[in-house]
Amino acid sequence: MKHIIFILLATACLIFKCTPEVRFTEKIIDNNAPKALWMKTVGDVNGDRKIDLLAGGWEKGGMVAYLAPDWKKLIICDTLKISTDAEVCDIDNDQNPDVIAITNEALIWLSGPDWKLNIVDSLELHDLEVGDFDNDGLTDVIARNQAEWGKGDTIYIYHQQPLGNWNKHRKIIIDGEGLKMADVNGDSKKDIIVNGYWFENTGNISEWKEHKFSDTWNWRNTYIDVADMNNDGLSDILLSPSELAGGIYHVSWFEAPEDPGLIWKENIVADSVESVIHFLGTADFNNDGKIDIMTAGMQQGIDPDEVTVFCQRRENRWKKKVISKDGSHSMRLFDMDGDGDTDAFGANWNDSIVKIWINENIK
C-alpha cells in the first residue's frame with residue numbers, strides 16, 4: 001500500500017509539476033534609519049564592485065548607504081528631503097559612482113565620491129529611470145510625477161549633453177502613476193512603459209512612437225515590471241494597483257504578441273487585492289526555471305500588510321506564499337549574498353526600519 005501511495009504522489013507531482021517551496025529569512029539592517037523611508041535603491045556606491053543598499057528619508061535623515069557585505073552605514077547627505085526614487089550610475093563618466101534622485105522639489109544628482117549636489121531640474125516627480133537612450137555614451141534620465149498628489153500626465157526625458165548639461169523633452173501621456181524602462185520589442189533599445197502604453201525608442205528622443213498594449217487595464221496608478229513570464233523569448237509586462245487605500249483591483253501580467261504593437265492578452269495573477277501594491281518584481285525565486293512574482297503592500301492598507309511571493313506552477317497558475325506581514329514599498333531585488341538566488345530589500349514608506357529578506361531556497 002505504501003508503494004502505491006508513493007507512486008500516486010509521484011505521478012501527481014509530475015502531472016502538476018510540484019513547485020519547490022520558497023523560504024525567506026527577514027532581517028533588520030537598521031531600525032534607526034532616516035525617517036519616512038520613501039526611497040530604496042541599490043548600487044555600488046564605493047567602487048568595490050559589491051552592491052550596496054541605499055535609503056532616503058522624506059521627513060528627516062537625508063540619504064544613507066549600507067555598504068556590502070556588512071551593511072556599515074554611510075551618510076551620503078543628511079539635509080535633503082528624499083522622495084520616492086533614485087538610481088546609482090556614473091553620470092559624468094569619471095569612473096566614480098553617482099546617485100540621481102528625486103527630492104521634494106527637484107531632480108538632482110549627487111556626484112561621488114564627495115556627493116556634490118547638482119540640480120537637473122526643479123519640479124515635483126515620483127518615478128525615474130536612467131539609461132543611455134541614444135547610444136552616445138552619456139546617461140539620460142526619464143521621469144514622471146503621480147496623479148493623486150500632482151499630475152502624472154507627462155513623461156520628462158532628460159537628454160544629457162557634454163559637460164553635464166541636459167536637453168529636456170516632454171511627452172504627454174494618460175494621467176496616472178508608474179514608469180519602467182525596458183526593451184519591449186527586442187531591438188536592443190530601451191523603451192518606456194507606463195500604465196497601458198509603451199513608447200518605442202526610435203533612436204530620436206523627441207520622436208518616440210506610442211503603442212497601446214492593453215484595452216482591459218483601467219487602474220491609473222500602477223507599479224510596473226517586465227519579464228518573460230512564459231519563456232517564449234518575448235518581454236511581457238506586469239502591473240499592480242499602487243494607489244489609493246481602500247480600492248480593490250488585481251495584479252496582472254500581459255503576454256507579449258509577436259507584434260508588440262498589437263493589444264496584449266491580460267492574465268490575472270491575484271484578483272480582488274487592495275490598491276496599495278506599491279511594489280511588484282519578478283525573479284525565479286525557487287530556481288525551478290519559471291518566473292515568479294513578489295508584491296508588497298503599503299502600511300495604509302487593511303492589515304496585515306503582506307509581502308507575498310506568487311510562485312508560478314504552470315502557465316498562469318500560482319501558489320501564494322506570504323513572507324512578511326509588515327508590508328513594504330518600492331522594494332529592490334538582487335542576489336545580495338552571492339548564493340545564486342534572488343533576495344529582497346525594502347522598507348515601508350512611513351517607517352525608519354530597513355529590512356532585507358534572504359532567500360533560503362535549497363538548490
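This report describes sheets, aromatic pairs and salt bridges in a predicted model.

## Two open sheets

Four strands form an open sheet in the order β14-β15-β16-β17, with antiparallel pairing. The edge strands here are β14 (180-182) and β17, each of which pairs on one side only. On average, and with direction ignored, neighbouring strands of this sheet are turned by 25 degrees against each other.

Following the sheet from β14 onwards, one meets three bridges that join β14 to β15 in the antiparallel sense, and within this pairing alanine 182 stands opposite aspartate 191 of β15. Strand β15 (residues 191-194) is in turn paired with β16, again antiparallel and over three bridges, with valine 194 standing opposite tyrosine 197. The two strands β15 and β16 form a hairpin with two residues between them, and glycine 196 in that turn has a positive phi of about 90 degrees. On the way to the other edge, four bridges join β16 to the antiparallel strand β17 (residues 209-212), where glutamate 210 is the bridge partner of phenylalanine 199.

Are the side chains on the two faces of strand β16 buried or exposed? In β16 (residues 197-200) both faces are covered, since Tyr197 and Phe199 on one side are buried, and Trp198 and Glu200 on the other side are buried as well.

Another open sheet has four strands in the order β1-β28-β27-β26, and its pairing is antiparallel. Its edge strands, β1 (24-30) and β26 (329-334), each pair on one side only, and its neighbouring strands are turned by 25 degrees against each other on average, direction ignored. Six bridges hold β1 in antiparallel pairing with strand β28 (residues 354-359), and among the residues involved, phenylalanine 24 has asparagine 359 in β28 as its bridge partner.

## Aromatic rings

The structure holds ten aromatic pairs. One of them joins tryptophan 38 and tryptophan 58, which are stacked, with 4.1 Å from centre to centre and 0 degrees between the planes. Because tryptophan 38 lies in strand β2 (residues 35-43) and tryptophan 58 in strand β3 (residues 52-60), this pair ties together parts that are 20 residues apart in sequence.

In the pair of tyrosine 223 and phenylalanine 279, the ring centres are 5.7 Å apart and the planes stand at 65 degrees, so this pair is edge-to-face. Tyrosine 223 belongs to strand β18 (residues 222-227) and phenylalanine 279 to strand β22 (residues 277-283), so the contact ties together parts that are 56 residues apart in sequence. Tyrosine 223 counts as buried because its relative accessibility is 18%, which lies under the 20% cut-off for that term. Phenylalanine 279, at 4% relative accessibility, also counts as buried.

Rings also take part in other arrangements. Phe213, Trp217, Trp219, Tyr249, Phe254 and Trp264 form one aromatic cluster, while the charged end of lysine 81 sits over the ring of tryptophan 58, 4.7 Å from its centre.

## Salt bridges

Side chains of opposite charge can pair when their charged atoms come close. The structure holds 15 salt bridges, including those in the table.

| Salt bridge | Closest N to O |
|---|---|
| Lysine 319 and glutamate 21 | 3.6 Å |
| Aspartate 121 and lysine 168 | 2.7 Å |
| Arginine 220 and aspartate 175 | 3.6 Å |

Which parts of the chain does the salt bridge between lysine 319 and glutamate 21 tie together? Lysine 319 lies in strand β25 (residues 317-324) and glutamate 21 in the loop between α1 (2-16) and β1, so the pair ties together parts that are 298 residues apart in sequence. Lysine 319 is partly exposed at 37% relative accessibility, and glutamate 21 is partly exposed at 40%.

The salt bridge of aspartate 121 and lysine 168 links distant parts of the chain, with aspartate 121 in strand β9 (residues 116-121) and lysine 168 in strand β13 (residues 165-172), 47 residues apart. Aspartate 121 is buried, with a relative accessible area of 15%, whereas lysine 168 is partly exposed, with 31%.

In the salt bridge of arginine 220 and aspartate 175, arginine 220 lies in the loop between β17 and β18 and aspartate 175 in the loop between β13 and β14, so the pair ties together parts that are 45 residues apart in sequence. Arginine 220 is partly exposed, with a relative accessible area of 35%, while aspartate 175 is buried, with 18%. Finally, salt bridges that share partners join Glu21, Lys319 and Lys321 into one network.

Methods. Residues are numbered from 1 along each chain as its sequence is written. This is a predicted model: local features need pLDDT of at least 70, side-chain atom pairs count only at pLDDT 80 or more; totals for chains, interfaces and linings use all residues. Side-chain values use heavy atoms; hydrogens and water are left out. Buried means under 20% relative accessible area, exposed over 50%, partly exposed in between (1.4 Å probe, protein chains only). Two strands pair if DSSP finds at least two bridges between them. Rings of Phe, Tyr and Trp (its six-membered ring) pair if their centres lie within 6.5 Å; planes under 30 degrees apart count as stacked, over 60 as edge-to-face and the rest as tilted. A charge sits over a ring if NZ of Lys or CZ of Arg is within 6 Å of the ring centre and within 35 degrees of the ring normal. Axes are lines fitted to C-alpha atoms, for helices over the stretch in contact, and angles run from 0 to 180 degrees between N-to-C directions. A salt bridge is a side-chain nitrogen of Lys or Arg within 4 Å of a carboxyl oxygen of Asp or Glu.
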